[in-house]
Amino acid sequence: GGSPIVCAAALAVFDAIKDERLIENAKAMGKYLAGQLAKLKAKYHFIKEIRQVALIIGVELNIKGEDIYKECLKAGLLINCAQETVLRIMPPLTVKKSEVNKAISVLDKVFSRV
């Protein structure tokens, strides 16, 4: 309800976002991730479309995505499957390039078995 403690915490969060350049990181990593996903789209015929806003990405498939989603979870990649054919990828604002590369590697391995 706007108490001084809550307001101080909110301001600290804004400071951390600014000081750690999380918005810039989200833009850069979102662009990089989308580029890597575009390479997978060129490789796998069942990827219909990639939709993106910063680090919120939807990979629309021509097939059901539930099995892909489950295999990714087993491999340690936390994604979501929405509307049966959309893989939703939402990494944190702090994601690193090495983590994006690992995620792409998992997706590539799982996609290759489809």
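**Exercise 1. Decide whether Ala54 is buried, partly exposed or exposed, then look at its backbone.**

Solution. Ala54 has a relative accessible area of 35%, so it is partly exposed (buried is under 20%, exposed over 50%, partly exposed in between, with a 1.4 Å probe and protein chains only). Next, find its place: Ala54 sits in the loop between strand 1 (47–53) and strand 2 (56–61). Strands (E, at least two residues) and helices (H or I, at least four) are DSSP runs numbered from the N terminus. Finally, its phi is near 55°, a positive value in a residue other than glycine. Most residues other than glycine have a negative phi.

A word on the model: it is predicted, with local features needing pLDDT of at least 70 and side-chain atom pairs 80 or more, while totals for chains, interfaces and linings use all residues. Residues are numbered from 1 along each chain as its sequence is written, and side-chain values use heavy atoms, leaving out hydrogens and water.

**Exercise 2. Work out which rings join Phe111 in one aromatic cluster.**

Solution. Start with Tyr44 and Phe111: their centres are 5.5 Å apart and their planes at 70°, an edge-to-face pair. Rings of Phe, Tyr and Trp (its six-membered ring) pair if their centres lie within 6.5 Å; planes under 30 degrees apart are stacked, over 60 edge-to-face, the rest tilted. Tyr44 is in the loop between helix 2 (22–43) and strand 1, and Phe111 in helix 4 (residues 97–112), 67 residues apart. Then take Phe46 and Phe111: with centres 5.4 Å apart and planes at 85°, this pair is edge-to-face too. Both Phe46 and Phe111 are buried. Together, Tyr44, Phe46 and Phe111 form the cluster.
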